[in-house]
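Dear colleague,

I am handing over the structure below, and after it I set out what was found. Please read the notes with the structure open beside them.

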Amino acid sequence: MVQGEFAVTVPDPEKFASDCSSSADMREALQSSIASYMNGTVAPEDVAVFCSIDSGSRLDATVEYEATRRSLAGNVTIDYRIVVLEETAHSVQDSATELLSSQASGQDLARLAALISSALSATAPGASGNAPLQAIGGPAALAVISTQPPTPRPTPLSTPGPTASPGPVPPLAVSSGAMTATGDPHLRNIYGERFDLRRPGKHTLVNIPKGERAERALLHVEAEAVQMGMQCADLYFRELNMTGVWVEATWSGGLHFHALDVSYGTSKWKHVGKVDVKVAHGRTREGIQYLNVYIKHLDRAGFAVGGLLGEDDHTQATMASRACVQRHSVSLLEFSR
């Protein structure tokens with residue numbers, strides 16, 4: 001992921017920043033204009049944008065628009081993040097540094113402002129009256145973050161017997177099928193390994209890139225498992241939150257699901273960045289409502305995938321807590337008397 005920022009001077013910075021946060025058309029216009037400005041080296045869907053007002057940059061002059069309205073022009077900082085594969089990250093970084101940083105030429109920055117204005121007219125006509133008056137290059141230092149692809153996990157070694165000569169340990173293959181967390185809950189991770197969750201509480205199912213903080217991740221999927229029966233294994237996912245750059249690009253504020261929320265009763269696949277996600281409702285014969293999670297194409301993410309459905313170790317998550325085991329043992333003892 002390549003990350004950086006630049007600024008635009010607009011007639012009404014508050015409205016521009018608000019539209020950037022609330023309007024999918026506005027974000028689409030900014031994404032497409034940045035992609036075009038980068039000479040087609042990235043796709044619009046690989047660009048995420050976030051806008052904030054530079055409160056110290058108000059201009060003295062006033063700009064008249066929408067007939068009678070006047071507003072002090074000011075700058076809006078546009079933070080962008082571009083998802084790229086490892087092999088192209090540094091070339092995209094070089095292009096972004098040349099075109100979007102304070103090193104960019106005035107002619108190039110004028111072209112950027114014109115592209116954004118044109119994209120607003122085509123995609124978000126309601127915001128076209130607040131088009132940039134100019135573009136201003138941002139910090140020259142642009143970051144390349146977490147570009148490593150998934151690392152295969154080595155297969156555990158068994159006790160060696162007499163062999164002619166030791167060979168390399170074959171890695172577990174990354175599965176191209178769907179990663180799932182269903183029922184009470186039965187999980188299948190990126191390596192095709194199947195295991196059952198035995199620990200209540202909040203669990204990270206997916207984190208892209210692996211090891212990235214949730215607030216900086218491209219995709220972060222967290223689910224809360226609640227014990228709904230006497231057995232330690234009677235766990236079900238009741239709440240699920242999806243956040244991250246990929247999610248925010250389409251759904252401002254992220255996606256939030258609850259087992260009791262019937263508005264999500266009809267489940268559909270959602271395209272989130274490079275992957276597809278579906279959350280479906282389930283109900284046991286006893287009437288317990290829960291959530292099922294399905295994720296496809298994690299092998300195409302272009303980054304290492306963390307979480308229980310990714311590469312993270314799931315040993316602790318499959319072990320019931322000592323308190324639950326003791327409580328269950330006491331219940332069995334009382335029942336046998």
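Lys296 lies over the face of Trp269, at 4.3 Å from the ring centre, in what is, please keep in mind, a predicted model. A second lysine is placed over a ring as well, since Lys278 lies over the face of Tyr294, at 5.3 Å from the ring centre.

Turning to rings that pair with one another, the structure holds two aromatic pairs. In one of them, the rings of Phe6 and Tyr80 have centres 6.1 Å apart and planes at 40 degrees, and because planes between 30 and 60 degrees apart count as tilted, the pair is described in that way. This pair links distant parts of the chain, with Phe6 in strand 1 (residues 2-10) and Tyr80 in strand 5 (residues 74-82), 74 residues apart. Phe6 counts as buried at 2% relative accessibility, and Tyr80 is likewise buried, with a relative accessible area of 0%.

Tyr236 and Tyr290 form an aromatic pair that is also tilted, at 5.3 Å centre to centre and with 35 degrees between the planes. Here too distant parts of the chain are linked, since Tyr236 belongs to strand 13 (residues 235-243) and Tyr290 to strand 17 (residues 289-296), 54 residues apart. Tyr236 is buried with a relative accessible area of 10%, and Tyr290 is buried with 13%.

Strand 5 also holds Asp79, which counts as buried at 16% relative accessibility, because the limit for that term is under 20%. The side chain of Asp79 makes a polar contact with the side chain of Arg81 (3.5 Å), and, leaving aside neighbours within four places in sequence, Asp79 is in contact with Gln3, Gly4, Glu5, Ala48, Val49 and Phe50.

As for the nonpolar cores, the largest has 41 residues, and those with the most contacts inside it are Leu205, Val206, Ile208, Leu219, Leu240 and Met242. Among the elements that give two or more residues to this core are strand 11 (201-208), strand 13, helix 5 (245-248) and strand 17, while strand 12 gives the most, with four residues. Leu219, again leaving aside neighbours within four places in sequence, is in contact with residues including Val206, Ile208, Met242, Trp246 and Val275. Apart from this core lies another, of 39 residues, among them Ile82, Leu109, Ala113 and Ala124.

With kind regards

Technical notes. Residues numbered from 1 in each chain as written. Predicted model: local features only at pLDDT ≥ 70, side-chain atom pairs only at ≥ 80, totals over all residues. Heavy atoms only, no water. Phe/Tyr/Trp six-rings, centres within 6.5 Å; stacked < 30°, edge-to-face > 60°. Buried < 20%, exposed > 50% of the residue type's maximum accessible area, 1.4 Å probe, protein only. Lys NZ or Arg CZ within 6 Å of the ring centre and 35° of its normal. Polar contact = N/O pair within 3.5 Å; in protein donor to acceptor, adjacent residues only side chain to side chain. Contact = heavy atoms within 4.5 Å. Core = buried A, V, L, I, M, F, W, Y, C linked by side-chain atoms within 4.5 Å.
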